[in-house]
Amino acid sequence: MAGLEDHAGDMVRKSRVGLGIAAEEVATLLGWSFSALKTFEDEGVASATEAWQSVCQQLDLDADKLLAILQGWEPSSVELPWLTKIETDDGGMAVNAYLIKDPQSREAVLVDTGWSYPALKSYLEANQADVRQLFITHAHGDHIAALTEIREAIPEIEVLAASQALATNEPLKAGRTFSCGGLTIAVHETPGHAEDGLTFIVTENNGPRFQAALVGDALFAGSMGGAPRHFHLAKEKVRQVILSLADETVIAPGHGPLTQVGWEKQHNPFF
Ligand SMILES: [Fe+2]
């Protein structure tokens, strides 16, 4: 298990900044120095303090869930036969792209680009994937870094994004659906972390109807993407669009491990 994208210090900082609470205020509540709080926000290591409950209340974080993260909670591993996570690294930061491939028809789509095309290419070849479309969760640089390379390598690819600047045709809006062999991909809007944030919900048309939500940075295992300006909107959309899905729905975030809706409801301190 590769570990969570965020540690407990990241979670405290994201909530604090999202709610507009000064670091000094949190440090005072905890009985810590300003620099001790900063070290915690940077490193995520702390022992329990008596003030933990009231600080979490101020920060709108669930104290028990945050303590479980401090003690090393991670989601169990989970997989779906038609979903491949492709983690790419630029030497400092890792970002996930995803390959969705219908096993029968080999029709396939990519979700986000990762840092570079060579990292994706080996997966496409190994999976004999016939990629026709590239869906973009949001236009932050790490999620579209290889867009030019992909357009050069697969000139016929259709880019589907909420951002007019990226989309091949009309920008994507909530309510549109696409087919990929025996899978249906439904578009939902999850702004907050990014203004153009989209979540793609993929459902099997037949059989057990397993489902995945490709959420970009709206939600991470145990955490969420930073939303300093639209924190309440970001959380509201995650609740409405993602956490309302069936507990077994696989969540495929832009960073960190796969998780499930039920596990996030039980363990994510933001919700
Ligand atoms: Fe992002």
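# A tour from strand E3 outwards

Begin by selecting strand E3, where four of the five residues are buried, so the strand is largely enclosed by the rest of the structure. Keep in mind throughout that this is a predicted model.

**The strands around E3**

With E3 still selected, add strand E2 (94–101), and you will find that E2 and E3 pair in the antiparallel sense over four bridges. One position to label here is Leu99, whose bridge partner in E3 is Leu110. Follow the chain through the hairpin of E2 and E3, which has five residues between the strands, and stop at Arg106, where phi is positive, near 65°.

Next bring in strand E1 (83–89), which runs antiparallel to E2 and is joined to it by seven bridges. Leu83 can be labelled together with Ile100 in E2, since the two stand opposite each other. The hairpin of E1 and E2 has four residues between the strands, and within that hairpin Gly91 takes a positive phi near 100°.

Now turn to E4, which spans residues 130–135. The sense of pairing changes from what you saw in the hairpins: E3 and E4 run parallel and are joined by five bridges. In this pairing Val111 stands opposite Phe135 of E4, a residue to which the tour returns below.

**Helix H6 and its two faces**

Between these two parallel strands, select helix H6, because E3, H6 and E4 together make a right-handed β-α-β unit. Which residues of helix H6 (residues 117–126) are buried? They are Tyr117, Leu120 and Leu124. If you look down the axis of H6, these buried residues fall within an arc of 65°, so they line one face of the helix. The cover over them includes E1, E2, strand E3 (107–111) and E4, and also helix H8 (147–153).

Rotate the view to the face of H6 turned away from its buried side, and you will see the exposed residues Pro118, Glu125 and Ala126. Just after H6, pause at Gln128, which takes a positive phi of about 45°.

**Aromatic pairs**

The structure holds five aromatic pairs. Show the side chains of Phe135 and Phe178, which form an edge-to-face pair with 5.3 Å from centre to centre and 85° between the planes. Phe135 lies in E4 and Phe178 in strand E6 (residues 177–180), so the pair ties together parts that are 43 residues apart in sequence. Both rings belong to buried residues, Phe135 having a relative accessible area of 0% and Phe178 having 11% relative accessibility.

Then select Phe231 and Phe270, whose ring centres are 6.3 Å apart and whose planes stand at 70°, so this pair is also edge-to-face. Phe231 lies in helix H9 (residues 231–242) and Phe270 in the segment after helix H10 (261–267), and the pair thereby links distant parts of the chain, 39 residues apart. Here again the two residues are buried, with a relative accessible area of 3% for Phe231 and 1% relative accessibility for Phe270.

For the last aromatic stop, display Trp32, Phe40 and Trp52, which ring pairs link into a cluster.

**The sheet that starts at E6**

Return to E6 and extend the selection to the open sheet of six strands, in which the order is E6-E7-E8-E9-E10-E11 and the pairing is mixed. Which strands stand at the edges? E6 and strand E11 (259–260) do, each with a single partner strand, so one side of each is left without a neighbour in the sheet. Within the sheet, strand E8 (residues 198–204) and strand E9 (residues 211–216) run antiparallel, joined by four bridges. Among the positions to label is Phe200, which has Leu214 in E9 as its bridge partner.

**Two cysteines and a serine**

Colour Cys56 and Cys180 next: the first is buried, with a relative accessible area of 3%, and the second is buried as well, at 1%. The structure as a whole holds zero disulfides.

Finish at Ser35, which is found in helix H3 (residues 34–43). Is Ser35 buried or partly exposed? At 48% relative accessibility, Ser35 counts as partly exposed. A distance drawn from its C-alpha to that of Glu50 spans 19 Å in space, while the two residues are 15 apart in sequence.

Methods: Residues are numbered from 1 along each chain as its sequence is written. This is a predicted model: local features need pLDDT of at least 70, side-chain atom pairs count only at pLDDT 80 or more; totals for chains, interfaces and linings use all residues. Side-chain values use heavy atoms; hydrogens and water are left out. Rings of Phe, Tyr and Trp (its six-membered ring) pair if their centres lie within 6.5 Å; planes under 30 degrees apart count as stacked, over 60 as edge-to-face and the rest as tilted. Buried means under 20% relative accessible area, exposed over 50%, partly exposed in between (1.4 Å probe, protein chains only). A disulfide is a pair of cysteine sulfur atoms within 2.5 Å. The arc is that of the directions from the helix axis to the C-beta atoms. Contact means heavy atoms within 4.5 Å. Two strands pair if DSSP finds at least two bridges between them. A crossover is right-handed if, with the strands pointing away from the viewer, the path from the first strand over the helix to the second runs clockwise.
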